[in-house]
Amino acid sequence: MTDRKHQPKIPGSPGSGEPTLEEPTTPAGPPPPAPDQTGPATVSPTGQETGAPQEAMGQGGEFLTTAHGARLRDTDHSLKAGPRGAILLQDHHFREKISHFDHERIPERVVHARGAGAHGVFEGYGTASRICRAGVFEKGKQTDVFVRFSTVVGSRGSTDLARDTRGFATKFYTDEGTWDLVGNNIPVFFIQDAIKFPDVVHAVKPHPDREIPQAQSAHDTFWDFASLHTESQHHTIWFMADRGIPRSYRMMEGFGVHTFRLIAPDDSTVLVKFHWKPKLGVHSVTWEEAQLISGADPDFHRRDLADAIEAGAFPEWELGVQVFEDTEDQTFAGIDLLDPTKIVPEELVPVEPIGKMTLNRNPSNYFAETEQVAFNPNNLVPGIDVTNDPLLQGRLFSYLDTQLSRLGGPNWTQLPINRPHAAVNDMLRDGMHQTAVHRGVAPYRPNTLDGGNPFETPDGDRPFIDHPAPVPAGVKERALPASFDDHFSQARLFFQSLSPVEKEHVAQAYTFELGKCYEQVIRERQLRALANIDTTLAEVVAEGLGLPAPEPDGALPEVEPSPALSQVGGEWPVDGRQVGIVVGPEVDTGTVAEAVSAVEDAGMVPLIVAPSGGPAAERLLGQDLMAQRTYLTARSIEFDALILASATPPAPDAAHGLDAKAAAAGPSGIDPRVALLVQEAWRQAKAIAAVGAGREVLETLGVEDSAGVLTGKGGKDVVQQLLPLLKAHRAWERFPTTGRFG
C-alpha cells in the first residue's frame with residue numbers, strides 16, 4: 001500500500017492511524033488525535049491549571065479493562081451457565097458495559113430516537129388458544145395497543161428515509177398486565193450476544209469526533225465493525241436490500257426477532273417466532289426517491305401514517321407465529337432457534353395467523369405519548385415466556401435499566417402512556433416522579449397490619465409463572481454454541497431469494513455505502529465477506545469500487561431460496577395510495593371529476609396538481625374540485641401514480657428566479673416542473689397514465705411506449721387501467737436488468 005504521507009491530503013479520514021486489512025493482534029496504546037483535533041483545557045473542576053498533558057484526559061493503556069481498571073480477556077461473550085445457558089447476574093462486565101451504554105443519552109433514546117406512534121386495537125382469532133394460555137389471543141378478545149415505529153441510527157432530527165433498520169414495537173394493554181412485543185422490520189439482528197450491543201451501536205452512530213454522518217451506515221466505523229464481526233452480514237444484507245428504505249410504515253413487515261416460549265393451558269410448551277404481516281404488502285421506495293424525500297419531506301413516514309389514520313384508511317397487520325417443537329436442542333432443520341442472526345424460511349414453517357391489529361387513532365401529544373412510551377421485553381403476560389437467546393437475555397436487563405435515566409427514575413410505568421390496563425399492587429414505593437398516592441402501612445409481605453394485602457396469586461387465578469425449563473449442565477463460561485458459527489449461509493439464502501431487480505438494488509446499495517468509506521482496507525475486507533455470500537455480488541460491487549474481486553474462503557453452500565423474502569411479483573390492496581392528477585390551464589373538468597371519483601371509490605387519495613392555487617385554481621376547476629398541489633409544490637415522491645389530464649404549457653411562474661425547478665431542461669410546450677415530475681415518476685418505475693391532451697405530454701417526453709405507461713378514454717377508464725399496476729406497486733419491467741443476476 002502506498003504510504004499515507006505521500007497521498008494527496010483529502011479531508012475525512014476517520015482516524016489518525018492507518019488501518020490494516022487484518023484485525024491487529026499486537027497490543028498498542030490508544031492512538032493520538034488527528035492533527036486538527038484537540039480537547040478542552042486540562043484544568044481542575046475549580047478552574048485551576050493542572051499541567052497535565054491532553055492525552056491524560058483520554059483512555060490509557062494497551063488492554064481492555066472494566067471502569068475500575070481490571071483487565072478483561074473477552075468482551076464478545078456474556079457469562080452464561082454453559083454455552084446455551086442463561087446470562088448470569090454475576091457478570092459484572094456485561095452489566096457495567098450495558099448499563100453505561102443505556103445511560104449514554106439524556107434524554108434522547110440512544111437508538112430508535114426518531115419515532116412515530118399510533119393507538120389501535122388487537123383482536124384475537126382464537127387460533128393460538130391451543131398453544132398459549134394468554135387471554136390476549138382468545139377468539140374475539142379486543143385489546144388496546146400502542147405502536148411505535150422508528151429508525152435505529154439517527155437522532156430525533158434526522159430523516160425518516162435513511163437506509164436503516166426500523167423498529168416495530170407494540171404495547172398490548174391486556175387485562176392480565178402489559179405485554180411488550182419489541183421488534184424490528186428485519187427478522188434477524190446484527191449480533192448474537194447482547195454484550196456486543198454497545199459496540200455495534202457505537203460503530204453505526206456518527207463518528208464521535210465530528211458527530212457525522214447522521215442517520216447513515218455509509219461510513220468507516222460501521223463497515224469496520226460489520227466486516228470484522230461477520231455475524232452481522234445477514235442483518236446487513238437485509239437493509240442493503242430495499243427493505244432498508246420502506247415505502248411506508250403501513251407497508252412494513254414486523255418481526256419479534258427472538259424465539260419465545262408459549263405455554264398452553266395444559267402446561268405444554270412450544271417455541272415460536274412472531275411475525276407482523278401488513279395488509280397492504282411489503283413495499284419500498286427507490287434509492288433516488290429516498291434521497292429526494294430526505295430533502296423535500298424528511299417527515300414522510302410520520303406524515304403518511306398520521307394522514308392515513310386521519311383519512312380513515314386504518315393500517316392493519318396480522319400477527320402470526322411460526323411454531324416449533326420445544327425440544328432439548330431447540331433447533332429446527334439444523335437451524336439454532338436461539339441464534340438471533342438466523343431465520344426459519346416460511347416455506348419450511350408457515351406463519352399461522354393468530355390475530356389482527358388495526359391502528360385507528362393518532363396521538364394527541366407527541367411528547368407525552370410517542371416520546372415517553374417505554375417498552376420492555378420483561379413485560380410478559382401469563383402464557384408467554386422467554387428463552388435463553390443470548391441477545392434477548394441481555395435485553396431483559398438493558399431495557400429496564402435504560403428507562404431509569406431516560407424517564408427520570410423508577411416510576412416511569414406511571415406515565416399515562418405506560419400505565420397498565422390491569423390492577424397494580426406492586427409494593428414499590430416512593431422514588432422520583434411518584435404520582436400514585438399509596439395507602440396502607442405495610443408494603444411488604446406477609447403482613448397483618450394491612451390485612452395481608454397484597455396476597456400472592458394462587459395457581460387457579462392465572463398468575464404469571466416462569467416456565468420451569470431445565471438448565472443445561474455446564475460450566476460458567478463466555479462462549480456461544482458451535483451452531484452459531486455459520487455467518488454466511490443465511491445471508492446467501494436471503495440474496496438468492498430476491499428477484500433480479502432486487503439483487504441489482506442490493507449491489508447498488510453496497511457500492512454506494514462502501515464507496516463512502518474513506519479507508520480502502522475496510523472496503524476490501526467487506527468485499528471478502530460478500531464473496532462468501534455470493535461471488536457475483538462481490539464482483540459487481542468490486543467493479544463499482546474499482547477494486548479486484550476476492551475469492552470466497554471455500555465452496556459456497558447450496559441454499560433453497562425462500563420466495564416469501566422477495567417483495568416483487570405479487571398483488572396487494574391499493575388502500576391509501578396517492579394518485580396525482582395533473583391539469584393545465586385548459587382542462588375538461590368533467591374528466592377530472594370522473595377520475596377523482598374513481599380514485600376515491602378504489603380507496604385511494606386523489607391529489608390535483610394545477611398550475612397555481614388560490615382563486616386561479618378555483619376559476620380553472622370550478623366549485624366542486626380543488627387543487628391540493630401546484631407545479632411549484634408538487635414532487636414525484638408523494639405520488640404512487642400520475643394521471644395527466646390535459647396539456648401542461650409553462651405556467652406564469654415557470655422562471656428560474658421564482659422556482660429553480662423551472663430551469664430544468666425539457667421540451668418546449670411543457671412546463672419544466674411537470675416534465676420533471678413525469679420523468680422522476682418514470683425513473684422510479686411508477687404507473688403513469690394520460691387522458692385527452694395529456695397523451696401529447698407523454699409523447700413529447702418520449703415515455704408513451706414504456707411499460708406501466710398507458711392512456712385511457714376518460715377519467716374512470718384510465719383509473720381502472722391503473723389499478724392492476726398499482727396493485728403490483730411498481731412497473732419494474734420498464735427497465736431491463738443488466739443480466740448479471742439472472
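What radius of gyration would a compact globule with 742 residues have, and what does the protein have? A compact globule would come out near 27 Å, and the protein has 28 Å, which agrees. Keep in mind as you look around that this is a predicted model.

Let's start with the whole thing. Measured out along the principal axes, the box that the C-alpha atoms fill is roughly 85 × 75 × 60 Å. Inside that box you can trace 17 helices and 20 strands. Of the 742 residues, 52% count as buried. The chain also brings together parts that are far apart in the sequence: take the contacts between residues at least 6 apart in sequence, and 72% of them join residues at least 24 apart.

Now for the outside. The accessible surface comes to about 32800 Å², and 54% of that belongs to carbon and sulfur atoms. As for charge, the protein has 66 positive and 100 negative charges. How far apart are the mean positions of these two sets? They are 2 Å apart.

Next, pick out a helix. In α3, which runs over residues 220–228, the buried residues are Asp 220, Phe 222, Trp 223, Phe 225, Ala 226 and Ser 227. So what covers them? The cover includes four other helices: α2 (197–204), α4 (233–240), α10 (500–515) and α11 (520–531). Find α3 in the structure and look for those helices around it.

Helix α5 (residues 287–296) is a good one to look at after that. Here Glu 289, Ala 290 and Ile 293 are buried. Why do these three sit on the same side of α5? They cover an arc of only 100 degrees around the axis, and that puts them on the same side. Part of what covers the buried residues of α5 is α6 (300–310).

Loops deserve a visit too. Is Gln 330, in the loop between β9 (316–325) and β10 (331–332), buried or exposed? With a relative accessible area of 10%, Gln 330 is buried, because buried means under 20%. You can see who surrounds this residue as well: leaving aside neighbours within four places in sequence, Gln 330 is in contact with Arg 84, Arg 261, Leu 271, Ile 335, Asp 336, Leu 337 and Leu 338.

Compare that with Ser 612, which is found in the loop between β16 (605–610) and α14 (614–621). At 31% relative accessibility, Ser 612 counts as partly exposed. Not counting residues up to four places away in sequence, Ser 612 touches Ala 617, Ala 627 and Thr 630. If you want a sense of distance, try going from Ser 612 to Gln 567: the two are 45 residues apart in sequence, and their C-alpha atoms are 38 Å apart in space.

Then there is Pro 563, in the loop between α12 (535–545) and β15 (578–582). Its relative accessible area is 59%, so Pro 563 is exposed. Pro 563 and Ala 473 are 90 residues apart in sequence, and 40 Å lies between them in space, C-alpha to C-alpha.

The last stop is the loop between α8 (390–406) and β14 (476–478), where Pro 446 has its place. A bit of background helps here. Most residues other than glycine have a negative phi, and most peptide bonds are trans.

With that in mind, look at the bond from Arg 445 to Pro 446: this peptide bond is cis, with omega near -5 degrees. The peptide bond from Asn 453 to Pro 454 is cis too, with omega near 5 degrees. Pro 454 also has its place in the loop between α8 and β14.

Phi has something to show you in this loop as well. Asp 430, found between α8 and β14, is not a glycine, yet has a positive phi of about 60 degrees. His 433, also found in the loop between α8 and β14, is not a glycine either and has a positive phi of about 60 degrees. Are these two buried or exposed? Asp 430 counts as exposed at 56% relative accessibility, and His 433 is exposed with a relative accessible area of 53%.

Technical notes:
Residues are numbered from 1 along each chain as its sequence is written. This is a predicted model: local features need pLDDT of at least 70, side-chain atom pairs count only at pLDDT 80 or more; totals for chains, interfaces and linings use all residues. Side-chain values use heavy atoms; hydrogens and water are left out. Buried means under 20% relative accessible area, exposed over 50%, partly exposed in between (1.4 Å probe, protein chains only). Helices (H or I, at least four residues) and strands (E, at least two) are DSSP runs, numbered from the N terminus. The arc is that of the directions from the helix axis to the C-beta atoms. Contact means heavy atoms within 4.5 Å. The radius of gyration is taken over C-alpha atoms; the globule rule is 2.2 Å times the number of residues to the power 0.38. Accessible areas come from the Shrake-Rupley method with a 1.4 Å probe; for residues, only the protein chains shown count as cover. Lys and Arg count as positive and Asp and Glu as negative; His and the chain ends are not counted. The place of a charge is taken as NZ of Lys, CZ of Arg, CG of Asp or CD of Glu.
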